[in-house]
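Colleague: I'd like to learn how to read a few features off a model. Could you walk me through some?

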Amino acid sequence: MDTVYNDGSNGPFIQTFKFLRFGFMFAVFHREKLSLNMVNGIILLESILGQDLFEKYVKVILTDRGSEFSAADAMETRGDGSKRTNLFYCDPMQSCQKGSLENYHEELRYILPKETNLYELGLKSQNDLNTVLSHINSSPKEKLDGKTPIELLEFLAPLLAKKFKDFGIIKIDKDDVILKPHLLKQ
């Protein structure tokens, strides 16, 4: 789990998750970079997947030591006191320990370049972010032998794929994938 943003004061802030087995990226749109928002992002992910699928596929969350991730107990534990997941932090100054997520951030940056106002670019809501995620997850990956994360997710975990599809992250035909800033201007 990590956070991507261009303007630390004004946002938007993108809470990112990568499902390693599938190479699939999920992200939550936030207007503020607060620990409470990051907790709510995890709660949203669990509500999308349902408790059983969440516990099956989100057993561990690895993140950095950013202040927005300081509410470890609230992230790991549900309101009723039951265990939701296990949260671990990278060693200080070692974000490379979650390197595969950092690599996916590069793909986000194709569409959402640094030093641009993301709101002006068209990123104004979770629906806009779902469009971005749909294109990134529909892009063939060399590491996946030319398959897309959505294809792998549909094959290996069809119920999980359906949950994300119902949330709005859909498969885009490979010939229609756009990894450029004008994606949100269409």
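Modeller: Leu62 sits in strand β4, residues 60-63; helices (H or I, at least four residues) and strands (E, at least two) are DSSP runs, numbered from the N terminus. This is a predicted model, so local features need pLDDT of at least 70 and side-chain atom pairs count only at pLDDT 80 or more, while totals for chains, interfaces and linings use all residues. Residues are numbered from 1 along each chain as its sequence is written, and side-chain values use heavy atoms, with hydrogens and water left out.

Colleague: Is Leu62 buried, partly exposed or exposed?

Modeller: Leu62 counts as partly exposed because its relative accessibility is 33%. Buried means under 20% relative accessible area, exposed over 50%, and partly exposed in between (1.4 Å probe, protein chains only).

Colleague: Which way do the side chains along β4 point?

Modeller: In a regular strand, side chains alternate between the two faces of the sheet. Here Ile61 and Thr63 point to one face and are buried, whereas Val60 and Leu62 point to the other and are not.

Colleague: Which residues form a nonpolar patch with Leu62?

Modeller: Val60 and Phe88 join Leu62 in a surface patch, with about 260 Å² of accessible area together. Patches take residues with over 30% relative accessible area and no salt bridge: like charges are joined within 9 Å, nonpolar side chains (Val, Leu, Ile, Met, Phe, Trp, Tyr) within 5 Å. The areas come from the Shrake-Rupley method with a 1.4 Å probe, and for residues only the protein chains shown count as cover.

Colleague: Which strand does β4 pair with?

Modeller: Two strands pair if DSSP finds at least two bridges between them. For β4 the partner is β5 (residues 86-89), parallel to it and joined by 4 bridges. Thr63, for one, has Tyr89 as its bridge partner in β5.

Colleague: On to charges. How many salt bridges are there?

Modeller: Side chains of opposite charge can pair when their charged atoms come close. The cut-off is a side-chain nitrogen of Lys or Arg within 4 Å of a carboxyl oxygen of Asp or Glu, and the structure holds 9 such bridges. One of them joins Arg84 and Glu46 at 2.8 Å, N to O. That pair links distant parts of the chain: Arg84 is in the loop between α3 (72-76) and β5, and Glu46 is in helix α1 (residues 35-49), 38 residues apart.

Colleague: Are Arg84 and Glu46 buried or exposed?

Modeller: Arg84 counts as buried because its relative accessibility is 7%, and Glu46 counts as buried at 9%.

Colleague: Where do Glu107 and Lys141 lie?

Modeller: Those two side chains, Glu107 and Lys141, meet in a salt bridge of 2.9 Å, N to O. Glu107 is in helix α4 (residues 99-111) and Lys141 in the loop between α6 and α7 (149-156), 34 residues apart, so this pair too links distant parts of the chain. Glu107 is buried at 12% relative accessible area, as is Lys141 at 7%. Elsewhere, salt bridges that share partners join Glu46, Glu55, Arg78 and Arg84 into one network.

Colleague: And the interior: how many residues are in the largest nonpolar core?

Modeller: That core has 48 residues, and those with the most contacts inside it include Phe24 and Phe164. A nonpolar core is a set of buried Ala, Val, Leu, Ile, Met, Phe, Trp, Tyr and Cys residues joined through side-chain atoms within 4.5 Å.
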